[in-house]
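Let's take a friendly walk through a protein model, one piece at a time. Keep the 3D view open and turn it as you read.

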Amino acid sequence: MGEDHRRSTSARILVVQLGAFDLHARHAARLPEWFEARILNGRMGARTGSADLPLHGGRVPAWLAQRMARLGAVIVEALVLHEGPHGVLRRLAHPFWFQALGCVLGMDWHSSGITTSVLGALKRGLSGRENELGLTICGGRGRHSRRTPGELVALGERTGLDGAGLARTSRLVAKVDTAAVQDGFALYLHGFVVARDGAWAVVQQGMKPEARTARRYHWLSESVRSFVEEPHAAIEGEPQGAIVNLTDRRAAASRLAQVELAAHPDRVVRELREMRQPSHLQMPAHHDLRPTDVFLRRVHATLAAAAEQGPRDFAELLLQPGVGARTVQALAAVAEVVHGAPCRFTDPARFSLAHGGKDGHPFPVPLRVYDRTISVLKQAVAQAGLGRDEKLQAIRRLDEQARRLEGAASGPTLDALVEEERDQSHEYGGRDVTGPAQSRPRRGQLALL
């Protein structure tokens with residue numbers, strides 16, 4: 001019997017782990033009469049947080065989408081080297097970190113489109129590398145979201161995971177955020193990320209058009225190690241009753257509990273309300289980046305780390321054509337996305353200062369800087385994979401240095417930083433959805449006619 005069962009204060013307890021929702025029993029089972037039992041959340045996949053975002057239309061231009069896939073893939077690869085596949089799942093399940101990732105990839109820092117574009121970029125970037133990295137991304141937006149169960153079943157056939165169980169988990173998580181928790185947001189996006197051992201994270205999003213708002217939901221299985229070999233949770237009856245093993249494939253499948261749970265979503269709502277309040281990110285409606293949207297001392301610390309640590313750690317890289325101080329600043333932001341602790345992402349808008357945004361907020365995407373960021377990071381990750389991690393460690397030290405300098409660093413205002421970047425945007429190959437950035441007249445001088 002599992003540790004959760006020994007801690008139980010009552011024998012009448014229903015323990016459900018969403019990741020292992022394919023119920024199996026050693027004996028023919030029916031749902032106990034005491035179905036009013038409590039759902040323990042200690043070992044079940046649980047919602048980890050949510051984010052409210054202004055609904056924003058438009059498409060990601062091809063010149064940015066391709067780069068997002070490349071940079072997103074190499075960031076995931078660095079994370080796998082640093083924390084393993086489960087570390088990637090934990091970060092994707094953190095709403096603030098997910099938003100920071102979208103910002104550093106060059107998407108609009110606050111809008112709903114960040115969810116679709118980031119998941120799409122990661123799915124494209126990791127395609128064909130699932131075995132290498134131990135992660136598979138299924139689902140997507142619209143019709144792609146409806147294909148998620150089929151993709152998970154196919155994944156199970158290729159890998160030996162319980163694809164049918166994963167597909168049922170996908171449906172249940174979607175059902176909880178629609179039928180069980182009726183908050184007025186109609187789901188239109190569902191991304192299901194699976195590790196090679198069956199652990200998973202879900203990112204899904206719904207919209208409320210009349211309020212011009214989207215809501216993103218994050219889920220994490222965390223404790224799931226196998227869907228097919230180990231009983232991670234169970235339905236526990238009276239001491240003299242039968243124990244129903246949720247994951248033992250040697251037993252005949254019991255579908256009754258699944259049907260009953262689906263038929264009583266109000267019970268799930270009660271349990272969700274009793275859960276520890278998860279993280280919630282509230283993004284503003286304004287499109288411009290304002291000082292209130294970022295912790296300026298962290299911006300100053302990142303700039304100072306790039307200035308002080310950069311020349312020492314990147315001496316060899318700085319000799320390469322085109323790699324200079326601006327690229328090191330961008331790498332410092334990427335380093336924090338890879339290595340930063342969860343508490344560091346309470347102002348995800350700050351990461352938009354690395355590569356700008358496709359709509360020109362806070363400034364056009366500096367394509368030359370973006371491409372050099374990808375190049376340097378790919379080179380560092382590739383060498384680390386061969387056992388030579390000096391360059392990856394140098395990037396990591398940028399993040400460590402920024403934390404040390406946070407209390408002491410000072411610098412220009414946010415408005416001054418953004419204006420300077422816009423002044424230089426054409427030199428960095430700046431571009432937004434309207435086209436390439438143009439040279440701006442010098443401030444304080446009359447423009448020549």
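The report below goes from the whole chain to its strands, its helices and a few single residues.

## The chain as a whole

Before looking at details, remember that this is a predicted model. The chain contains 18 helices and 15 strands. It has 449 residues, and 56% of them are buried.

How do distant parts of the sequence meet? Take the contacts in the chain with a separation of 6 or more: 74% of them are between residues 24 or more positions apart.

## Strand 4 and its two partners

A good place to start is strand 4, which covers residues 46–54. Is this strand enclosed or left open? Of its 9 residues, 8 are buried, so the rest of the structure largely encloses strand 4.

Strand 4 pairs with strand 8 (residues 213–220) in the antiparallel sense, over 8 bridges. You can find a marker for this pairing at aspartate 52, which stands opposite arginine 215 in strand 8. Strand 4 also pairs with strand 12 (residues 279–282), in the parallel sense and over 4 bridges. Here, look for alanine 51, whose bridge partner in strand 12 is leucine 281. As background, strands of a sheet pair through backbone hydrogen bonds, either parallel or antiparallel.

## Strands 5 and 6

Next comes strand 5, made of residues 135–141. This strand is mostly covered, with 6 of its 7 residues buried. Strand 5 and strand 6 (residues 186–195) form an antiparallel pair with 7 bridges. To spot the pairing, find glycine 139: its bridge partner in strand 6 is glycine 191.

## An open sheet of three strands

Later in the chain, an open sheet has 3 strands in the order 13-14-15, with antiparallel pairing. Which strands stand at the edges? They are strand 13 (365–366) and strand 15 (435–436), and each has a single partner strand, so one side of each has no neighbour in the sheet.

Strand 13 pairs with strand 14 (residues 430–432) over 2 bridges, in the antiparallel sense. Proline 366 has glycine 430 in strand 14 as its bridge partner.

## Helix 14 and its neighbours

Now turn to helix 14, residues 325–339, which packs against helix 16, residues 367–385. Their axes are 9 Å apart, and the packing angle is about 60°. Angles under 35 degrees count as roughly parallel and 65 to 115 as roughly perpendicular, so helix 14 is oblique to helix 16. Helix 14 passes helix 16 in a right-handed crossing. On the helix 14 side, Arg326, Thr327, Ala330, Leu331 and Val334 take part, and they meet Val369, Arg372, Thr373, Val376 and Leu377 in helix 16. Sorted by class, this contact has 6 nonpolar, 2 polar and 2 charged residues.

Helix 14 also meets helix 11 (residues 296–308): their axes come within 9 Å and cross at roughly 120°. That angle makes helix 11 oblique to helix 14, and the crossing is right-handed. In this contact, Thr302, Leu303 and Ala306 of helix 11 meet Val328, Gln329, Ala332, Ala333 and Glu336 of helix 14. These residues divide into 5 nonpolar, 2 polar and 1 charged.

## A closer look at serine 117

Serine 117 is part of helix 4, which spans residues 113–126. Is serine 117 buried or exposed? Its relative accessibility is 9%, and because buried means under 20%, serine 117 counts as buried.

What does serine 117 touch? Apart from its neighbours within four places in sequence, serine 117 is in contact with Val60, Met68 and Met107. You can also compare positions along the chain and in space: serine 117 and alanine 69 are 48 residues apart in sequence, and their C-alpha atoms are 9.3 Å apart.

## Two backbone details in loops

Finally, here are two spots where the backbone deserves a look. Histidine 361 and proline 362 are joined by a cis peptide bond, with omega at about 0°. Proline 362 sits in the loop between helix 15 (352–355) and strand 13.

The other spot is arginine 212, in the loop between strand 7 (200–208) and strand 8. Its phi is near 55°, a positive value in a residue other than glycine.

Notes. Residues are numbered from 1 along each chain as its sequence is written. This is a predicted model: local features need pLDDT of at least 70, side-chain atom pairs count only at pLDDT 80 or more; totals for chains, interfaces and linings use all residues. Side-chain values use heavy atoms; hydrogens and water are left out. Two strands pair if DSSP finds at least two bridges between them. Axes are lines fitted to C-alpha atoms, for helices over the stretch in contact, and angles run from 0 to 180 degrees between N-to-C directions. Angles under 35 degrees count as roughly parallel, over 145 as roughly antiparallel, 65 to 115 as roughly perpendicular and the rest as oblique. A crossing is left-handed if the near helix is turned anticlockwise from the far one by less than a right angle, and right-handed if clockwise. Contact means heavy atoms within 4.5 Å. Ala, Val, Leu, Ile, Met, Phe, Trp, Tyr, Cys and Pro count as nonpolar, Asp, Glu, Lys and Arg as charged, and the others, Gly among them, as polar. Buried means under 20% relative accessible area, exposed over 50%, partly exposed in between (1.4 Å probe, protein chains only).
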